[in-house]
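Subject: Structure handover

Hello,

Please find the structure below. My notes on it follow, grouped by topic.

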Amino acid sequence: MKRKFENLCRPIRIGNVTFRNRMFSAPMGGTDITNDGCIGPKSTAFYELRGKGGAAAVTVSECMVHPKTDGSHAYHLSTSILNSLASATYTADAIRRHGAIPSIELSHSGMYAGTYMTDKTRQREMHQWGPSDTVRPDGVPVKALTKELIDEIVEAYKETAGLAKRAGFEMIMIHGGHGWLINQFLSPYFNKRTDEYGGSLENRCRLAIRVLKVVREAVGPGFPIEFRMSGSELFEGGYTLEDGVEIAKMLEPYVDLLHVSAGTYQRGFGDTHPSMFKEHGCNVYLAAEIKKHVSVPVATIGALNSPEQMEEIIASGKADVVYMARALLADPYLPRKVMENREDEIVKCLRCFTCMAERAATSTRRCTVNPVIGREIEGDEIQPAPVKKKVLVAGGGPGGLYAAYTAARRGHQVILCEKEEKLGGILKSEQALPFKHEMYELSGTYELLARKAGVEIRTSVEVTLEYVEKEAPDALIVAVGSSPLRPPIPGLDGENVIVVNDYYLNKDKVSGDVVVFGGGLAGCECAIHLGMEGKHVELVEMRDTLAPDANVRHRPLLLKEVEKYVSQVHTGYRGIEVTDQGILCETPDKEQALVPGTTVICALGQRPRTDLVDSLRDSAPYVAVIGDAGRVSTITNAVYQGYHAALDI
């Protein structure tokens, strides 16, 4: 067959190893790390799914090499730890048996050891080591590594690399980016040493080169060694792209692949993990520039999920390999779909940071658009239902669509009804916000998958009790969503008021001076968009803080955008009346003030459609209520609940 993305699908030989395509799975942290640092069975299944999905290489994330100076709650590979070698071997085998090359990332967190830990008390009690004496921004003191400890760490890289090869890994990635230890030595911002490890760029590269040399001794010739680096640290005082080029040239003799990322985790999370507010591929230019100056293959990474864009990157010579992380959570089968010319079926990452926020909160994984993530050990294959039934799904939002898709894959006869003319539910409103376009596209992808699975879709049909009685389904999934809150505030029904859900239908009615009424997630994102369009935007929120409903990874980046694009934020303001000149509010001082704006965007939240839900509860033998219909929550919960409701039929 002729592959549509021929460059992206072409094999590549690195060292003595041939990789089946140019799409690699980037390191992502595991979810059930044992107390002594072994890879748990859930993590093995987590990595295996990427191999099953067609990635050419799957990298196990951050195996910490020296527990004495890096007590991070991450993997350790050591013969002194019971089951350590065995768990690593099982993981490498799980990846390899699907045709992917198992790789492992060797790392040391340096002065940021323990930052992944949910137990902050234990984190503060840890000894922190770095290139120089300093104090972290969070007040934790850092000690400069002695030369003796540096020698120990270098030897630990060698020992761990040898064990990784013994366990069956076929590539080693040395993590030298993102603000971890080797990056700290490379960086003039972190490295203030005056010995042979500090000062000149040559000295700052000394640790990296020593590590790469001993790893080569451990794994032998032809075994691929990859170095992950930040092309630029992207903050004042850090090294620049010009420095990144020189670093790459110095390291080139010792590596088989240069993996060019960006930024530092602690000082530029939104650079290392580009948010929805950034262009896809915003860091590719770093790899493209470095590739001009080296002869070894170069990999790039950073919010890549479009086959068209990735094909162009390879075809134009900007990079030889593309890495994906979040994109392969959203759709682990993305590489296979690309190889099989099924790119229209790819479920794209929303860059919503649900995955990383969940890890920070509970040390587990979850993905908004893929309910299997974090629970891969339970199986990703949909099993046929022993008894085929008639299933009616009420509501064509993301939860309803995913429920219908899942039920159809189990062999049920599935009918999905949507009262509106178009599917998508609340996601239809996202089409007006360019930085949330993937969220709008999601309903279209789910619809395509549902139709291909055999779902009968009926639009402009509202499911009522009479309708259910007429269809007589064996199972009913109620996914009727929510409706916007419009409290009885005088003037809130005026002609100058637009409910945020309907903004996409009324964009032309919005004036140049806007007040967004409600500073939750939806209100903030709409305000940012309006500010990007050059409008004067003011934001009114009754609570003391903006977007407390946003997750811990997305919220800081969201607030930066609010600061950039919103003219004035009024927290602690309670709306009293809406006029044609703005919103009259009670201030925190119990005074009255007019927040000006000739257009008012109402973003005061949602409420479940309780009356309709209650009328349908006893209308079929099996009834499941999912998503906002039960309790206003997130797309993540709607999709997850829809998936499991369908599995329970």
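R351 is buried, with a relative accessible area of 4%. The model is a predicted one, and in it R351 sits in the loop between α14 and α15. Its phi is near 55 degrees, which is a positive value in a residue other than glycine.

A472 also has a positive phi, of about 50 degrees, although A472 is not a glycine. This residue belongs to the loop between α18 (465-471) and β17 (475-478). Is A472 buried or exposed? With a relative accessibility of 53%, A472 counts as exposed, because the cut-off for exposed is over 50%.

A further positive phi, of about 110 degrees, is found at G168, just after α5.

Helix α5

Helix α5 covers residues 147-167, which is 21 residues. At 1.5 Å a residue the helix should span 30 Å, and its end C-alpha atoms are 30 Å apart, so the expected span and the model agree. Which residues of α5 are buried? They are L149, I150, I153, V154, A156, Y157, T160, A161, L163, A164 and A167. When you look at that list, keep in mind that an α-helix has 3.6 residues a turn, so residues three or four places apart point the same way.

A sheet of three strands

There is an open sheet of 3 strands, in the order β6-β8-β7, with mixed pairing. Strands β6 (129-130) and β7 (134-135) stand at the edges and have a single partner strand each, so one side of each has no neighbour in the sheet. The pairing of β7 with β8 (residues 141-144) is antiparallel and runs over 2 bridges. In β8, V142 stands opposite T134.

Aromatic residues

How many aromatic pairs does a search of the whole structure find? The search finds 15. Two of the pairs are described here. A pair of aromatic rings is described by the distance of the centres and the angle of the planes.

One pair is F190 with F235, which is edge-to-face: the centres are 6.4 Å apart and the planes are at 70 degrees. This pair links distant parts of the chain, 45 residues apart. F190 is in the loop between α6 (181-186) and α7 (201-204), while F235 is in the loop between β10 (225-230) and α9 (241-251). Both F190 and F235 are buried.

Another pair is F269 with F353, which is tilted, with 5.3 Å centre to centre and 50 degrees between the planes. F269 lies in helix α10 (residues 269-272) and F353 in the loop between α14 (334-339) and α15 (354-362), so the pair ties together parts that are 84 residues apart in sequence. F269 is buried at a relative accessible area of 13%, and F353 is buried at 1%.

F190 and F235 also belong to an aromatic cluster, together with Y112 and Y189.

Charges over rings

In two places an arginine is placed over an aromatic ring. R50 lies over the face of F46, 4.4 Å from the ring centre. The charged end of R409 sits over the ring of Y405, at 4.0 Å from its centre.

Two buried polar residues

D331 is in the loop between α13 (326-330) and α14. D331 has a relative accessible area of 4% and is therefore buried. What lies 3.0 Å from a polar atom of the D331 side chain? The backbone nitrogen of V347 does. Leaving out residues up to four places away in sequence, D331 touches K337, E345, I346 and V347.

N501 is in the loop between β19 (497-499) and β20 (513-517). N501 is buried as well, with a relative accessible area of 15%, because buried means under 20%. The side chains of N501 and Q606 are joined by a polar contact of 3.0 Å. Again leaving out residues up to four places away in sequence, N501 touches I426, S429, P484 and Q606. Q606 thus appears both in that list of contacts and in the polar contact.

Regards

Conventions
Residues are numbered from 1 along each chain as its sequence is written. This is a predicted model: local features need pLDDT of at least 70, side-chain atom pairs count only at pLDDT 80 or more; totals for chains, interfaces and linings use all residues. Side-chain values use heavy atoms; hydrogens and water are left out. Helices (H or I, at least four residues) and strands (E, at least two) are DSSP runs, numbered from the N terminus. The expected span of a helix is 1.5 Å times one less than its number of residues. Buried means under 20% relative accessible area, exposed over 50%, partly exposed in between (1.4 Å probe, protein chains only). A polar contact is a pair of N or O atoms within 3.5 Å; within protein, one must be able to donate a hydrogen and the other to accept it, and residues adjacent in sequence count only if both atoms are side-chain atoms. Contact means heavy atoms within 4.5 Å. Two strands pair if DSSP finds at least two bridges between them. Rings of Phe, Tyr and Trp (its six-membered ring) pair if their centres lie within 6.5 Å; planes under 30 degrees apart count as stacked, over 60 as edge-to-face and the rest as tilted. A charge sits over a ring if NZ of Lys or CZ of Arg is within 6 Å of the ring centre and within 35 degrees of the ring normal.
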